[in-house]
Amino acid sequence: MNGNNLPSKADVVKLYQSNAGITAMRIYDPDSATLTALKGTNIKLIMDVGNSNLGSLASSSSAAASWVKNNVQAYYPSVSIKYIAVGNEVTGSDTSKILPAMKNIYSALSSAGLQNSIKVSTAVSTAVIGTSYPPSKGAFSSDASSYMTSIVQYLLQIGAPLLANVYPYFSYVGNKGSISLDYALFTSSSTVVTDGSNKYQNLFDAIVDALYSAMEKVGGSNVGIVISESGWPSAGGDSATVSNAQKYNQNLINHVGKGTPKKSTALETYIFAMFNENQKTAGIEQNWGLFYPNKQPVYSISFK
């Protein structure tokens, strides 16, 4: 959405449908043109409430009811809304608003009889993990623990997964002395990290399992994870090449059905992003797309 040269919302949906294997979408605000274009397509949707709405939804159950009426009930079930992400990578004092807003959205869905059909969650970055190595020692940072503990316990109560944005790219470029490119791109030919009986050949699994471990430590051993963002930039910065992006995303697609060493359940995974976006900050931020704005692929990839 952050480009002035992107296809229409209807054309984007057609592009999804023409690429067999793209079965789901995430949008970061309820966008009426997108929701209208998705009607009847059976494309599953993660819909964010938008971080700017957290305050009103946290403080007012009637605001949450209006939000659900206007953005969910007006389109569901013709639009296959699967998750509502109450906040994306929320930081600072706003973290205290996540859980009250989640509860109000869940109550509004319950009043509409939709609480079993649409899951309520929040999307976190892996910055919430304070200890990540080895994965079995994964734990939330003291800052994150203050709000993540109650969020994880609430997710357990309502039977919803945690949404997590997982980027081995950033871990790699920030720690090139200790992390190899092969480990980050799923191309390592042998075990890199041994953690008890678990063996790790890629960084993605290690990060996800550290998050599983962090949730276990606060009572969330039965809370699942959905990877709500992952990807690799194809230009604009360190190790950001078409070849690396193609390798990472294709290997990610091929890998996530197997789960991780800690949990062998398939990981539902969303690749960031559909398009290169020219209104983002110059550099890697403009180059996460699988497609150029003219709908041509940046590199060949199979979504199956």
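Which backbone nitrogen does the side chain of Asn202 reach at 3.2 Å? The backbone nitrogen of Phe204. This is a predicted model. The briefing starts with Asn202, then turns to the cores, a pocket and three further residues.

**Asn202 and its surroundings**

- Asn202 sits in the loop between strand S9 (198–200) and H9.
- Asn202 counts as buried because its relative accessibility is 5%, and buried means under 20%.
- The side chain of Asn202 also has a polar atom 2.7 Å from the backbone nitrogen of Asp205.
- Setting aside neighbours within four places in sequence, Asn202 is in contact with Tyr183, Phe186 and His255.

**The nonpolar cores**

- The largest nonpolar core holds 96 residues.
- Helix H9 (residues 203–216) gives the most to this core, with ten residues.
- Which residues have the most contacts inside the largest core? They are Val72, Ile84, Ile105, Phe140, Met148 and Phe204.
- Phe204 thus appears twice here: it is on that list, and its backbone nitrogen is reached by the side chain of Asn202.
- Val72 touches Met47, Trp67, Ile81, Ile84, Leu109, Leu114 and Ile118, leaving aside neighbours within four places in sequence.
- Another core, of eight residues, lies apart from the largest one. Its members include Ala24, Ala123, Leu163 and Tyr270.

**The second largest pocket**

- A probe the size of a water molecule, rolled over the atoms, shows where empty space is left.
- The second largest pocket has a volume of about 200 Å³.
- Three elements each give two or more residues to its lining: helix H5 (95–111), strand S4 (119–125) and helix H6 (142–158).
- How many residues line the second largest pocket? There are 17.
- Val90, Thr91, Thr95, Val128 and Tyr147 lie nearest the centre of this pocket.
- By type, the lining divides into nine nonpolar, six polar and two charged residues.

**Ser141, just before H6**

- Ser141 is found in the loop between strand S6 (139–140) and H6.
- A polar atom of the Ser141 side chain lies 3.1 Å from the backbone nitrogen of Ala144.
- Beyond neighbours within four places in sequence, Ser141 is in contact with Val128, Ile129 and Gly130.
- Val128 links two topics: it touches Ser141, and it is among the residues nearest the centre of the second largest pocket.

**Asn2, far along the chain from its partners**

- Asn2 belongs to the segment before helix H1 (9–18).
- Is Asn2 buried or partly exposed? Asn2 is partly exposed, because its relative accessible area is 37%, and partly exposed covers values between 20% and 50%.
- Asn2 and Gln279 are 277 residues apart along the chain, yet their C-alpha atoms are separated by 5.3 Å.
- Asn2 touches Glu277, Asn278, Gln279 and Lys280, not counting residues up to four places away in sequence.

**Asp195 in strand S8**

- Asp195 is part of strand S8 (residues 193–195).
- Asp195 counts as buried because its relative accessibility is 10%, which is under the 20% limit.
- Not counting residues up to four places away in sequence, Asp195 touches Pro134, Pro135, Ser136 and Tyr200.
- How far apart in space are Asp195 and Ala37, C-alpha to C-alpha? They are 46 Å apart in space and 158 residues apart in sequence.

Conventions:
Residues numbered from 1 in each chain as written. Predicted model: local features only at pLDDT ≥ 70, side-chain atom pairs only at ≥ 80, totals over all residues. Heavy atoms only, no water. 1 Å grid on protein atoms, 1.4 Å probe; cavity = no way out; pocket = protein on both sides within 12 Å on 5 of 7 lines; lining within 4 Å. Points joined across faces, edges and corners; volume = space filled by probe spheres on them. Helix = DSSP H or I, 4+ residues; strand = E, 2+ residues; numbered from the N terminus. Nonpolar A, V, L, I, M, F, W, Y, C, P; charged D, E, K, R; others polar. Core = buried A, V, L, I, M, F, W, Y, C linked by side-chain atoms within 4.5 Å. Buried < 20%, exposed > 50% of the residue type's maximum accessible area, 1.4 Å probe, protein only. Contact = heavy atoms within 4.5 Å. Polar contact = N/O pair within 3.5 Å; in protein donor to acceptor, adjacent residues only side chain to side chain.
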